[in-house]
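Let's take a walk through a protein together. Keep the 3D view open and turn it as you read.

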Amino acid sequence: MKSAVVLISGRGSNLRALVEAQLPLEVRAVVSNRADAPGLEWAAARGLPTRSIEHKAFASREAFDQALGDVIDELAPDLILLAGFMRIFSAGFIRRFPRRILNIHPSLLPAFPGLQTHARALAAGVKLHGATVHVVTPSLDGGPIVIQGAVPVLPGDTEAALADRVLAVEHRIYPQAVRWFAEDRVEFAPGDVVRVRGSGVSSDSMISPRDSR
Ligand code: GRF
């Protein structure tokens, strides 16, 4: 069975969705850069091993990344799953774990990389918004896309309402993407485009607005 380490910084609802999906995946540890992350408490209550490595205790991004990478190497997971992990990695960290780090991002990339994605989607007047699971590369939120899920932007939407609608999609697509990796069905086509073996038509990796509640 493949294994993973999940990295979180906050409430951990994506962590929860991943664990509750009962994937063929051994979660070796949940690691946070904040000792007070509520998701850590949930993981511990669930009997999962937890670790915290406070980024504030390190003099530089590189020093934190080195320490985190050393802990990950000790745990030796196949996958490193970012689930609301609010730190930007140094290129060195990403090169240390090529094609092994996945992230869930709350927008339809390449639209709205970075922060405040829901507010920016509303300000731009887009009619479709959503979430993306991608492989992490040194380009911020720019790595190969594994799956996306779309939701409509509705008249009168607030940032919070839109965030909730997107979060429900995140909780569906992240476990799906990780399942493909756990089942060893992911391959990288030329140009670093992700293809999933045996997923049938390409629309398997898209959830349409009609499907999402
Ligand atoms: C999610 O919206 C995720 O896409 C973003 O941060 C949020 C984390 O939420 N990267 P949670 O901690 O998984 O509940």
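We'll begin at the ligand and then visit a few spots in the loops.

One thing to keep in mind: what you're looking at is a predicted model. Start by finding the ligand. The space it takes up is the largest pocket. Which residues are around the ligand? They are Arg11, Gly12, Ser13, Asn14, Gly84, Ile104, Pro106 and Glu170. Sort that shell by class and you get two nonpolar, four polar and two charged residues.

Now zoom in on the atoms. An N or O atom in the side chain of serine 13 is 2.5 Å from an oxygen atom of the ligand. With asparagine 14, it's the backbone that matters here: one of its polar backbone atoms is 2.9 Å from a ligand oxygen. Isoleucine 104 also comes in through its backbone, where a polar atom is 3.3 Å from a nitrogen atom of the ligand. How much of the ligand's accessible area does the protein cover? On its own the ligand has 370 Å² of accessible area, and the protein covers 85% of that.

Stay with serine 13 for a moment. You'll find serine 13 in helix α1, which runs through residues 13–20. Is serine 13 buried or exposed? Its relative accessible area is 18%, and because buried means under 20%, serine 13 counts as buried. The side chain of serine 13 has a protein partner as well: a polar contact of 2.8 Å joins it to the side chain of histidine 171. So if you click on serine 13, look for two things, the ligand oxygen at 2.5 Å and the side chain of histidine 171 at 2.8 Å.

Next, head for the loop between β5 (101–105) and α5 (117–124), where proline 110 has its place. Look at the peptide bond leading from leucine 109 to proline 110: that bond is cis, with omega near 10 degrees. Glutamine 116 is in the loop between β5 and α5 too. What is notable about its backbone is phi, which is near 55 degrees, a positive value in a residue other than glycine. Glutamine 116 has a relative accessibility of 54%, and since exposed means over 50%, it counts as exposed.

The loop between β5 and α5 also holds serine 107. Here the accessibility is 0%, so serine 107 counts as buried. Try drawing a line from serine 107 to leucine 23: the two are 84 residues apart in sequence, and their C-alpha atoms are 24 Å apart in space.

Where else does a residue other than glycine have a positive phi? Aspartate 192 does, with phi near 65 degrees. Its place is in the loop between β8 (186–189) and β9 (193–196). At a relative accessible area of 30%, aspartate 192 is partly exposed, because that value falls between the 20% and 50% cut-offs.

Our last stop is asparagine 33, in the loop between β2 (25–32) and α2 (38–45). Asparagine 33 has just 2% relative accessibility, so it counts as buried. What does its side chain contact? One polar contact, at 2.7 Å, is with the side chain of serine 9. Another, at 3.0 Å, is with the side chain of histidine 55.

Methods. Residues are numbered from 1 along each chain as its sequence is written. This is a predicted model: local features need pLDDT of at least 70, side-chain atom pairs count only at pLDDT 80 or more; totals for chains, interfaces and linings use all residues. Side-chain values use heavy atoms; hydrogens and water are left out. A residue is near a molecule or strand if one of its heavy atoms lies within 4 Å of it. A polar contact is a pair of N or O atoms within 3.5 Å; within protein, one must be able to donate a hydrogen and the other to accept it, and residues adjacent in sequence count only if both atoms are side-chain atoms. Accessible areas come from the Shrake-Rupley method with a 1.4 Å probe; for residues, only the protein chains shown count as cover. On a 1 Å grid over the protein atoms alone, a cavity is a set of points where a 1.4 Å probe fits but cannot get out, and a pocket is an open set with protein on both sides within 12 Å along at least five of seven lines; lining residues have an atom within 4 Å of a point. A molecule sits in a cavity or pocket if more than half of its atoms lie within 2 Å of its grid points. Ala, Val, Leu, Ile, Met, Phe, Trp, Tyr, Cys and Pro count as nonpolar, Asp, Glu, Lys and Arg as charged, and the others, Gly among them, as polar. Helices (H or I, at least four residues) and strands (E, at least two) are DSSP runs, numbered from the N terminus. Buried means under 20% relative accessible area, exposed over 50%, partly exposed in between (1.4 Å probe, protein chains only).
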